[in-house]
Amino acid sequence: ALAWLGFALCGLVLATLEQAPLPLSHIRTMVRQKRVDAAKPAHLVGHVEAPSQPRPGSYIFDLALDRVEQAGTSMPTLGTIRVYYYPRVESEPPLRLDYGTPVELSIGNLRAPRNYGNPGLFDYAASMHRRGISYTALLRDRSRDLKLQPGFHGSRAQDVVLQVREAMLTSIERILPGRRTEQSILKAMLLGDDNWLSEHTEDVFQRSGTYHVLVISGWNVAVF
């Protein structure tokens, strides 16, 4: 009972923090106050907060911002951006960005997460917000627009946690060889990796009202 109470309290704390006012240097505040124009090109400086992950035909990674440069102005910035990359050719080397890697990234614009499904289905925008992701961006040309910097910026403990998570993802693939649907569901439910869920699987969970079990967040911890 005490363990469940502890989980619930942790979830409530996280949910409360999600509703806390954003600082003036947060990217969402800066866009709202028009100090950053989300519709125009920008140069982002930060570090990898979530390592690059392969998806069918693409990669994603999360960038924790340190600074935004736009129209000749450099501004210290907080917040996280989800970056998408679509390789131009299948023979292109994998995009591997490890947690804590300092990077610089040139983008065409920033886009706020939006819901494209029918009302009542999974709230994608709210899920991204709970994960602390304020905007998404597209990496168009990795050789031109992405520059890796030396050093490490992050928590060594978090780095170990992410390595363990990667090992667990690999273990699921080894335990269930060739069973892509089962692999994708377990990865999503146990480790929050929904990158390999098929449209059919997502549709089944959404229409049954149980898609939330595939999304790990502080709010879910509080609910359960």
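Accessible areas here come from the Shrake-Rupley method with a 1.4 Å probe.

**Figure 1. The whole chain, as a predicted model.** Let's start with the overall view. The accessible surface of the chain comes to about 13,400 Å², and carbon and sulfur atoms account for 58% of that surface. Eight helices and seven strands make up the list of regular elements. Of the 224 residues in the chain, 38% are buried. Among contacts between residues at least 6 apart in sequence, 64% join residues at least 24 apart.

**Figure 2. Confidence along the chain, with a look at residues 217–224.** The mean pLDDT of the chain is 83, and 82% of the residues reach 70 or more. Over residues 217–224, pLDDT stays under 50. The model has 16 contacts for this stretch beyond four places in sequence. Please look at such places with care: where pLDDT is low, the predicted coordinates should not be read in detail.

**Figure 3. Strand S1 and its two partner strands, S2 and S5.** Strand S1 covers residues 42–55 and is mostly covered, with ten of its 14 residues buried. Which strands does S1 pair with? One partner is S2 (residues 58–70), joined to S1 by ten bridges in an antiparallel arrangement. In this pairing, Gln-53 stands opposite Ile-60. The other is S5 (residues 102–107), which also runs antiparallel to S1 and is joined to it by six bridges. Here His-47 of S1 faces Pro-102 of S5 as its opposite number.

**Figure 4. The hairpin turn between S1 and S2.** Zooming in on the turn, we find two residues between the strands of this hairpin. Gly-57 sits in the turn and has a positive phi of about 80°.

**Figure 5. An aromatic pair, Tyr-99 with Phe-152.** The structure holds one aromatic pair. Its rings, from Tyr-99 and Phe-152, meet edge-to-face, at 5.8 Å centre to centre and with 70° between the planes. Which parts of the chain does the pair tie together? Tyr-99 comes from the loop between strand S4 (80–85) and S5, and Phe-152 from the loop between strand S7 (146–148) and helix H5 (156–175), so the pair links parts that are 53 residues apart in sequence. Are the two residues buried or exposed? Tyr-99 counts as buried because its relative accessibility is 10%, under the 20% cut-off. Phe-152 is partly exposed, with a relative accessible area of 29%. Phe-152 has a further companion in this view: Arg-156 lies over the face of its ring, at 3.8 Å from the ring centre.

**Figure 6. Thr-136 and its surroundings in strand S6.** Thr-136 belongs to strand S6, which spans residues 133–139. With a relative accessible area of 13%, Thr-136 is buried. What is Thr-136 in contact with, leaving aside neighbours within four places in sequence? Its contacts are Ile-81, Arg-82, Tyr-84, Asn-109, Leu-110, Arg-111, Pro-113, Tyr-124 and Met-128.

**Figure 7. Asp-194 in the loop between helices H6 and H7.** Our last stop is the loop that holds Asp-194, between helix H6 (180–191) and helix H7 (199–207). Not counting residues up to four places away in sequence, Asp-194 touches Arg-131, Ala-188, Glu-202 and Tyr-211. How far apart in space are Asp-194 and Arg-55? They are 9.2 Å apart, C-alpha to C-alpha, with 139 residues separating them in sequence.

How values were computed:
Residues numbered from 1 in each chain as written. Predicted model: local features only at pLDDT ≥ 70, side-chain atom pairs only at ≥ 80, totals over all residues. Heavy atoms only, no water. Buried < 20%, exposed > 50% of the residue type's maximum accessible area, 1.4 Å probe, protein only. Helix = DSSP H or I, 4+ residues; strand = E, 2+ residues; numbered from the N terminus. Pairing = 2+ DSSP bridges. Phe/Tyr/Trp six-rings, centres within 6.5 Å; stacked < 30°, edge-to-face > 60°. Lys NZ or Arg CZ within 6 Å of the ring centre and 35° of its normal. pLDDT = per-residue confidence, 0-100. Contact = heavy atoms within 4.5 Å.
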